[in-house]
Structure formats: C-alpha cells, structure tokens
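Hi everyone, thanks for coming. Please have the sequence and the 3D view open, and we'll walk through a few spots together.

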Amino acid sequence: MEFSFDISALVWALMGVSLLCGACLLTVYRGRVASIAKRRRRCERAILPEKAPGVSIIVYAIDNPTSLTNLLDSLLQQEYNGETEIIIVNDGASEDVKDVYNLLSQTHRNLHQTFIPTGAHNLSRRKLAITLGVKGARYPYVLILDASSSIHSHRWLASMARHFAKGREVVLGYATVDNHRDDRLGKRRRSLSWALDAITYIPAALGGHPYRGHAANMGFRRDKFLGIKGFSQSLNIHTGEDDILVSQIATGANTAVELSHASRVTMGGESPRAMHRRWKWHHLFTGKYVSTSARRMMGVCSAAMWLGFGAAIAASVIALPNFLPMVAMVALGLGVWITLVVVYQPTLRALGARKLVLTLPYLLLTQPLYNAYYRFVAWRHRGENFTWSR
C-alpha cells in the first residue's frame, strides 16, 4: 500500500473535476434544497393580517360524497375574518354530491353548487370545472381544492389568503400524498419523486421565476384568470391547469409561496401509485410548454453527482497502487453526501415526505434513470394528453 503525492496529471485532473462537482452540489444544489425548509420556517412565524379579503373556494368533485363531506366540514370551520363562499363543481351531476350539498346548504348560505353535464366531451373536465367556478365566484380571489383532498387545520384559508391581503395575486400552496396510504413497493422512490418536483419549482418561485404550482392547492386573483381568457391557450390538452396557467399569470412580483403546516393539503382519491404515474406522465408532457431553466439547473446538479462520482472512481483506480487519491476521494464523497443527507431532512419534513437517510444517496443517483423510464412511457402515451383522444 503506497501513499504518495507523486500523482499523474490525469489523476490530478480527475480529482479536480470531482472537487468542482462537489463544490457545485454543496453550493447551488444544497441552497435550492435548503430554501424550502427556510421558507417553511418563515411561513410558520408569519402573523396573519387583521384585514382579510373576500375569497371564493372552488371544490372539484367527482362522485366522492364521503371525502367531500369531510372536506366541507373542515372548510366550514375555518378561522377566517373575511367573507368566503364555497363553490362545489359537481362533475357528472352526481346525485350523491347533490345530496351532500342539499344537506349542508340548509345551514350554510355561503355554500353553492354548479355542475358539468355527463355529455361534455373532447375537453378537460377539470379545466371546465375551474372555469365555471371562477366565472361564478363573487369575490376577487379564488382558491382551488379537490373534493378527494383533506386539510388538517382550521387556519388553512387564513394561511393561504394572507398573501392576497399583502397584494399578491397568485399563491402557490403545496399538496402531498399521505405516506400511510402508500405502502406498496417503490414507496420511497415515489415519496422522493414528489419532493424533487417541489425542490425544482418552489425555489424557482422563491427566486422570482414562478412557472408552475400544485393544482390541488393554489389560488389566484379572479381577474388575472379572466384577463388571459382562462385556459384558452391550452384547451387542446387535458392537463396544464397548474403549470401552464401559473406560467401565464405568475411573476416574481405578484406571486407568493405558502408552506406552513396549516396550509398543507393531503391528496386522496385513487391509489398513490396510480396518482404518481399519472402525475409523472402529465408533467413530462406539459413541461415543454413552460420555462425549462429550473429543470435544467436540477439536471446540471444531477449530472454533477454522476460526473463527480465517476471521476472519483477513475482517479482512485488509475492511481493504484497509490492509495492517497482513493482516500482523498472517499473523504470528499462522504463529506458531500453527509451534508446533503443532513440538509435534505428538514426539507423532506417540510414537504411531508418520507424520512430518507440511508437510501437517499442511492435514490438521488438513480433518479435520472427513473425519469428516463417515465419519459419513454410518457412518449408512448403522448396522444392521451390531447382532448380529442377521449
């Protein structure tokens, strides 16, 4: 075993590449990951304003009376000192949804209902639901929820709407899957995939370049939506109500990100595995319609992981029997990965994701392969994204 500084120029160059990749991960990538936990702490400390604007809450319901009842119970108990209304958009005119509305509307005058007829084809029913809700709204600001989702605080509305009181016109909240519902093979991968998506678009919004949000928990000023004629520019595709819409109405000056625990929404409905698969397909498709700078940056950081890892292994092998480069590269690698694992933990908690420690390095390194698989699947199913395909 030999330890010597008599190292070839090639080994020095490879070690330098590994060091530069490590520096990129510890500065740019680490900063983006940490920004979410920092924003969460700021949102938790924020004081709710005394003057609250009028808000219309649009609830999209597809024949799910039990979850709708639970959601409405939570919404009707919100601690909010402004005027509110709840508009249920009944997709398919479900009789069960009507029964829920008829029961609760007898005691709550701010509860309203509209519906989408079952015969409406060749369009995005969710986009139509949001459009009907926005056009029927009384108040200048709207918030969007799915009837299958759950809110866990009586201050959800106040947390989201406080940004409207400060003059913001778009509020990006966060929605996640309940980890207890996802117990099938690949649950850690899916949990990290949800989190990585947020780590891509939330820091971009915090940096003044919002380009998408989460359709199950976001809000905007009503006239901003009407000013661009709603979804008129994306009527030919089923999705885009969260990314294409936000990219059209959101700017660095008019957008706020809300990440407090009170504002978080838990998504329900279909199985987490099926929901994740559908979500990946849709966003890989609509990604070409919105800004790519944030995703490019994450791609560069992912490439830095692989390049740094490969350069470190190459330097260690070429230098043998001199073990000094191997020891240096192992020390560098451990320093980078331990730092990233530590930084990730508060961010994963802020996003309601699973706690990943030992598996995190492996999952991060193999995420590009996972994304490549879904890109191929999304390409094969690309025709299903268009409204004329159904």
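Let's begin with enclosed space: this model, which is a predicted one, holds 1 cavity of 30 Å³ or more. The largest cavity has about 90 Å³ of space in it. Its lining is made by 15 residues, and Thr176, Val177, Asn179, Ser191 and Trp194 are the closest to the centre. Which elements supply at least two residues each of that lining? They are strand 7 (175-177) and helix 6. Helix 6 gives the most, with 5 residues. If you sort the lining of the largest cavity by class, you get 6 nonpolar, 4 polar and 5 charged residues.

Now, on to a pocket. The second largest pocket has about 720 Å³ of space. There are 25 residues lining this pocket, and Thr200, Lys280, Arg295, Asn371 and Arg375 lie nearest its centre. Four names to find on your screen: helix 6 (187-206), helix 9 (272-286), helix 10 (293-319) and helix 12 (360-380) are the elements that give two or more residues to the lining of the second largest pocket. Which helix gives the most here? It is helix 10, with 6 residues. By class, the lining of the second largest pocket has 11 nonpolar, 8 polar and 6 charged residues.

Next, the aromatic rings. A pair of such rings is described by two things, the distance of the centres and the angle of the planes. The whole structure has 9 aromatic pairs. One of them joins Phe220 and Phe225, which are stacked, with 5.6 Å centre to centre and 15° between the planes. Are these two exposed or buried? Phe220 and Phe225 are both buried. Add Phe231, and the three form one aromatic cluster. Rings can have other partners too: Arg189 lies over the face of Tyr370, 5.2 Å from the ring centre.

Last stop, the cysteines. How many disulfides does the structure hold? The count is 0. Take Cys21: the closest cysteine sulfur belongs to Cys24, 7.1 Å away, so the two sulfurs are too far apart for a bond. Cys301 is in no disulfide either, and the nearest cysteine sulfur, again that of Cys24, is 4.5 Å away. For a disulfide, the two sulfur atoms have to be within 2.5 Å. As for their surroundings, Cys21 is buried, at 7% relative accessible area, and Cys301 counts as buried too, at 0%.

That's my tour, and I'm happy to go back to any of these spots with you!

Technical notes
Residues are numbered from 1 along each chain as its sequence is written. This is a predicted model: local features need pLDDT of at least 70, side-chain atom pairs count only at pLDDT 80 or more; totals for chains, interfaces and linings use all residues. Side-chain values use heavy atoms; hydrogens and water are left out. Buried means under 20% relative accessible area, exposed over 50%, partly exposed in between (1.4 Å probe, protein chains only). Rings of Phe, Tyr and Trp (its six-membered ring) pair if their centres lie within 6.5 Å; planes under 30 degrees apart count as stacked, over 60 as edge-to-face and the rest as tilted. A charge sits over a ring if NZ of Lys or CZ of Arg is within 6 Å of the ring centre and within 35 degrees of the ring normal. On a 1 Å grid over the protein atoms alone, a cavity is a set of points where a 1.4 Å probe fits but cannot get out, and a pocket is an open set with protein on both sides within 12 Å along at least five of seven lines; lining residues have an atom within 4 Å of a point. Grid points are joined across faces, edges and corners, and a volume is the space filled by probe spheres set on the points. Ala, Val, Leu, Ile, Met, Phe, Trp, Tyr, Cys and Pro count as nonpolar, Asp, Glu, Lys and Arg as charged, and the others, Gly among them, as polar.
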